[in-house]
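Hi,

Here is the structure I promised to pass on. Have a look at it first, and my notes follow underneath.

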Amino acid sequence: MKAIIIGATSGIGQEVARLLVKQGWHIGVSGRREEALRDFQRIAPRQIEIQPLDITREDALLHLQTLIEKLGGMDLFLLSSGIGSQNPTLQPEVEINTARTNVEGFIRMTTAAFNYFKAKGGGHIAVISSIAGTKGLGIAPAYSATKRFQNTYIDALAQLTHMEHLNIRFTDIRPGFVATDLLKNGNYPMLMQTDRVARYIVKALDRKKRITIIDGRYRTLVFFWRLIPRWLWERFPIKN
């Protein structure tokens, strides 16, 4: 089996890649930092192909195609690239940069994977979004809004798949707070380590789960979170 992971220079993406290699997968990994990719490739050079790639650039599609060719095909596509930060002062460049990666880059890569699997006759698209898409977060407007966008976009692609009778499966992975560079500033409750989150993700990928919230504590949190009326939620002073 062959998997391509976008955003594997560190964090969740790299941990998932590590686990898939142990399972015997051949994988192609990409990210912006070429040296980090080369360091990771040394773990299992016969199983790992690398390709520098920035999802916010138009040439990302060419680099993705190059990586697919290096790997000799693709059965699973996992998008792990994303950015986010607290921005209660609404600095425009922070909001725009978040949208550029989490919306523009997200569309660029998921549509490329969709079209590849459509031509191939089937495949599995997985994306790492967030529970932050459940409701708008006042301290991180662009982050929460773009994660909701990702949830909805995958819903739409899943519906399109059924409309066109395609053999493409989708997994929307929604972690809670994970100890990555995105959360290096601030105090977050129920913070999970990346290796634990990666194990949950690999299980969800094996089962081809449509949506998975990681973990049980966050599933409970999201359940009650969704029950809060909008008028009440808008009055919550969410801080960390």
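Let me start with a pair of helices: helix 3 and helix 4 cross in a right-handed sense. Keep in mind that this is a predicted model.

Helix 3 covers residues 60–71 and helix 4 covers residues 92–120. Their axes come within 10 Å and cross at roughly 45°. That angle is neither under 35 nor between 65 and 115 degrees, so helix 3 counts as oblique to helix 4. If you want to find the contact on screen, look for A60, L61, L64 and I68 on the helix 3 side; they meet R108, M109, A112 and Y116 of helix 4. Sorted by class, that contact has seven nonpolar residues, one charged and no polar ones.

Now the sheet. It is open, with seven strands in the order 3-2-1-4-5-6-7 and parallel pairing. Strand 3 (48–52) and strand 7 (211–214) are the edges, each pairing on one side only. From one strand to the next, the twist averages 15°.

Inside the sheet, strand 1 (residues 2–6) runs parallel to strand 4 (residues 76–79), and four bridges join the two. One place to zoom in is I4, whose bridge partner in strand 4 is F77.

Helix 3 turns up here as well: it packs on the sheet, touching strands 1, 2, 3 and 4, and its direction makes about 165° with that of strand 3. Helix 2 (residues 34–41) lies across strand 2 (26–31) and strand 3, running at about 180° to strand 3.

Shout if anything is unclear.

Cheers

Key:
Residues numbered from 1 in each chain as written. Predicted model: local features only at pLDDT ≥ 70, side-chain atom pairs only at ≥ 80, totals over all residues. Heavy atoms only, no water. Pairing = 2+ DSSP bridges. Axes fitted to C-alpha atoms, helices over the stretch in contact; angles between N-to-C directions. Contact = heavy atoms within 4.5 Å. Parallel < 35°, antiparallel > 145°, perpendicular 65-115°, else oblique. Left-handed = near helix turned anticlockwise from the far one by under 90°. Nonpolar A, V, L, I, M, F, W, Y, C, P; charged D, E, K, R; others polar.
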